[in-house]
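User: Please take a close look at a single part of this model, chain A, and at the partner side that touches it. A connected account with explicit cut-offs would be appreciated.

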Amino acid sequence: MKYKIVSPRVGTPGDKFEPEAGVNVEALLSHGFIVEDTTPPKSAKTITNNPKD
Amino acid sequence: MATSTYLSNPGVSVNSVSLTDQCTSAVVTNTAEALESTAFGSTSRVFVSGLFSQEITLDLYMSYAASETYATLAALVGTTTTVKVSNTVAGLATPSATEPCFTLTGAYLEALPVINASMGELSTISITFKGGVLTTAVS
């Protein structure tokens with residue numbers, strides 16, 4: 001699961017949050033300090049060998 | 001002469017949340033429990049080290065605003081978390097020999113005073129994290 005920082009008390013808002021050992025992620029989520037990052041991963045570029053006429 | 005005067009430098013984070021601007025006191029205690037090993041023939045009491053027992057006590061201003069004291073601590077009661085204290089704010093992120101960062105991992109919060117109200121005074125609370133493993137980072 002990936003997380004994104006919301007509160008400046010945790011870090012720079014918008015940055016990726018990587019929990020350190022022992023950090024209670026549920027507590028941070030429940031009070032809005034961080035949110036789950038639901039941004040879908042970029043799909044791989046598909047190169048087609050379809051030369052134009 | 002070795003003295004340390006704290007004006008505004010120390011840094012405190014609880015569960016990755018910086019509470020430096022709400023904290024007025026932080027005490028980190030590393031205790032090695034004393035087990036008595038005095039035996040016949042001894043003329044003085046003798047002790048050996050037992051289990052280590054850690055404690056961090058914080059005095060904080062209470063605030064119920066979003067992302068403040070109450071929001072940080074409410075969900076931690078009865079659970080374990082990570083608490084960091086350094087003699088400087090910079091030491092939390094980049095510790096050094098003169099700015100050590102004390103990290104208590106697996107620290108248990110037994111109790112949280114949810115309200116401490118007195119007329120004409122800023123509300124403050126005192127909380128204690130117990131147990132866990134204390135590490136000291138100097139680099």
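Analyst: The following account treats the fold of chain A and then its contact with chain B.

This is a predicted model, in which local features need pLDDT of at least 70 and side-chain atom pairs count only at pLDDT 80 or more, while totals for chains, interfaces and linings use all residues. Residues are numbered from 1 along each chain as its sequence is written, and chains are lettered from A in the order in which they are written.

Chain A holds one helix and three strands, where helices (H or I, at least four residues) and strands (E, at least two) are DSSP runs numbered from the N terminus. Their order from the N terminus is β-β-α-β. The radius of gyration, taken over C-alpha atoms, is 18 Å for chain A, well over the 10 Å that the globule rule gives for 53 residues, so chain A is more spread out than a compact globule. That rule is 2.2 Å times the number of residues to the power 0.38. The C-alpha trace of chain A spans about 60 × 20 × 15 Å along its principal axes. Of the 53 residues in chain A, 23% are buried, meaning that 20 or more other C-beta atoms, placed from the backbone, lie within 10 Å of a residue's own.

Two residues are in contact if their C-beta atoms, placed from the backbone, lie within 7 Å. Among contacts in chain A between residues at least 6 apart in sequence, 49% join residues at least 24 apart.

Across the interface, 16 residues of chain A are in contact with 15 residues of chain B. On the side of chain B that touches chain A, β2 (17-18), β5 (80-86) and β6 (101-109) of chain B each supply at least two residues; β5(B) gives the most, with three residues. By class, this side of chain B has five nonpolar, ten polar and no charged residues, with Ala, Val, Leu, Ile, Met, Phe, Trp, Tyr, Cys and Pro counted as nonpolar, Asp, Glu, Lys and Arg as charged, and the others, Gly among them, as polar.

Note on methods. A residue is buried if 20 or more other C-beta atoms lie within 10 Å of its own, exposed if 12 or fewer, and partly exposed in between; C-beta atoms are placed from the backbone.
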